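Here are some short exercises to work through with the model open beside you. Try each task before you read its solution.

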Amino acid sequence: MSTAIINISSLVTNDPSLGEGPLGLIQDAAVVIDDDRIAWVGGTSKAPATDNAVDAGGRAALPGFVDSHSHLVFAGDRTAEFNARMSGQSYSAGGIRTTVAATRAATDEELEANLLRYLREGLRQGTTTLETKSGYGLTTRDEARALRIAAAHTEEVTYLGAHIVAPEFADDPAGYVELVTGGMLDACAPHARWVDVFCEKGAFDGDQARTILEAGRARGLTPRVHANQLGHGPGVQLAVELGAASADHCTHLTDADVDALAQGGTVATLLPGAEFSTRAQWPDARRLLDAGVTVALSTDCNPGSSFTSSVPFCIALAVRDMGMTPDEAVWSATAGGAAALRRSDIGRLAPGTRADLLLLDAPSHVHLAYRPGVPLVSAVWQRGVRAL
Ligand SMILES: [Zn+2]
């Protein structure tokens, strides 16, 4: 069954061979979906015959957002912490313990219902691929069940047993690293694609992070790193050295960090929801882009430091406060996210890619930044199925 979406005012393909500029823009465009794949893109007047047609009515279309960084297997609520922070207290990694206690106490059904709620919330705002992590269990049983629950709903699952040192190991961090790289890894590796570590003061130092990432890699997991969020540190350069798919946050960077990212194969994933929600310094996207670094943009959706599932909101922040152009921000939230997950079948619209796309109630993708906070996503196809 083939469907043509016609009369698209402006189509972002992210394939420069198909249209204008880095976004591969096509004006007055059409897209043909066949089953779960894109079969054809081009001008509406040249669209081939199909079984069905949907008239986009002059709306803009773009690939579904690829949100490559979230923490959605959790229970509980941290409204009070946010309220306190907005009343003057500063953010530290310690608040994670509140969510750990609530997550351990929750049933599987509660955790799954909560995950589905935020997956649906993201979908309504155009997210068609979402990575999510463990990291609020911090016991072998609770980390493995978080990954099992996540893997039932997304293929992009990350083992983050090394989110913080589990409270039971407060006096024995080395013992916790042993668990994370031993029995916990054994239980978790079968359910995950990625291994991650929070490499930060108050969480894990460079040596611990290296041990954890290397152990995960030896079990077939590919590294990604929470790096340089709260201050300068070894995370970014470790990520590049170990061939991580992505270094995430990248807020506090030295010139050597930027050079390493520019020369290596690691994507810099920027998460402005975290800086927004902690009133912290913005990451400098302009500096990274000018150095030739591949930049992704994601929500970091989690109940503590960035409780937004909205990629459009992050695009608006990146344009307003991080020096990105609207084109760059849209690319980073689609093709950039795909690069951070090492995927070539999503994040662009070209023959053979997955039919994940959305229509905006606007004539151009620029409106995502031009009209902040406005729910512009008016239709979503996921794997060729109309999901919204
Ligand atoms: Zn995170």
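Helices (H or I, at least four residues) and strands (E, at least two) are DSSP runs, numbered from the N terminus. This is a predicted model, in which local features need pLDDT of at least 70 and side-chain atom pairs count only at pLDDT 80 or more, while totals for chains, interfaces and linings use all residues. Residues are numbered from 1 along each chain as its sequence is written.

**Exercise 1. Overall make-up**

Task: count the helices and strands, then check the radius of gyration against that of a compact globule.

Solution. Start with the count: the protein has 14 helices and 17 strands. Next, take the radius of gyration over C-alpha atoms, with the globule rule of 2.2 Å times the number of residues to the power 0.38. For 388 residues a compact globule would come near 21 Å, and the protein's 20 Å agrees with that. Finally, along the principal axes, the C-alpha atoms fill a box of roughly 70 × 45 × 45 Å.

**Exercise 2. Two domains**

Task: find the domains and describe the side of domain 1 that touches domain 2.

Solution. Domain 1 covers 2-64 + 348-386 and domain 2 covers 65-341, with bounds from an automatic or database domain assignment. Their centres, taken over C-alpha atoms, are separated by 30 Å. The contact (C-beta atoms, placed from the backbone, within 7 Å) takes 19 residues from domain 1 and 19 residues from domain 2. On the domain 1 side, strand E5 (60-63), helix H14 (367-370) and strand E16 (377-382) each supply at least two residues. The largest share, three residues, comes from E16. By class, this side has 13 nonpolar, four polar and two charged residues. Here Ala, Val, Leu, Ile, Met, Phe, Trp, Tyr, Cys and Pro count as nonpolar, Asp, Glu, Lys and Arg as charged, and the others, Gly among them, as polar.

**Exercise 3. H12 against H13**

Task: describe how H12 and H13 pack and which residues meet.

Solution. Helix H12 (residues 311-321) and helix H13 (residues 326-340) have axes 9 Å apart, at an angle of about 140°. Axes are lines fitted to C-alpha atoms, for helices over the stretch in contact, and angles run from 0 to 180 degrees between N-to-C directions. Angles under 35 degrees count as roughly parallel, over 145 as roughly antiparallel, 65 to 115 as roughly perpendicular and the rest as oblique. H12 and H13 are therefore oblique to each other. From H12, Val311, Cys314, Ile315, Ala318 and Val319 meet Pro326, Ala329, Val330 and Ala333 of H13. The residues of this contact are nine nonpolar, no polar and no charged.

Terms used. Two residues are in contact if their C-beta atoms, placed from the backbone, lie within 7 Å.
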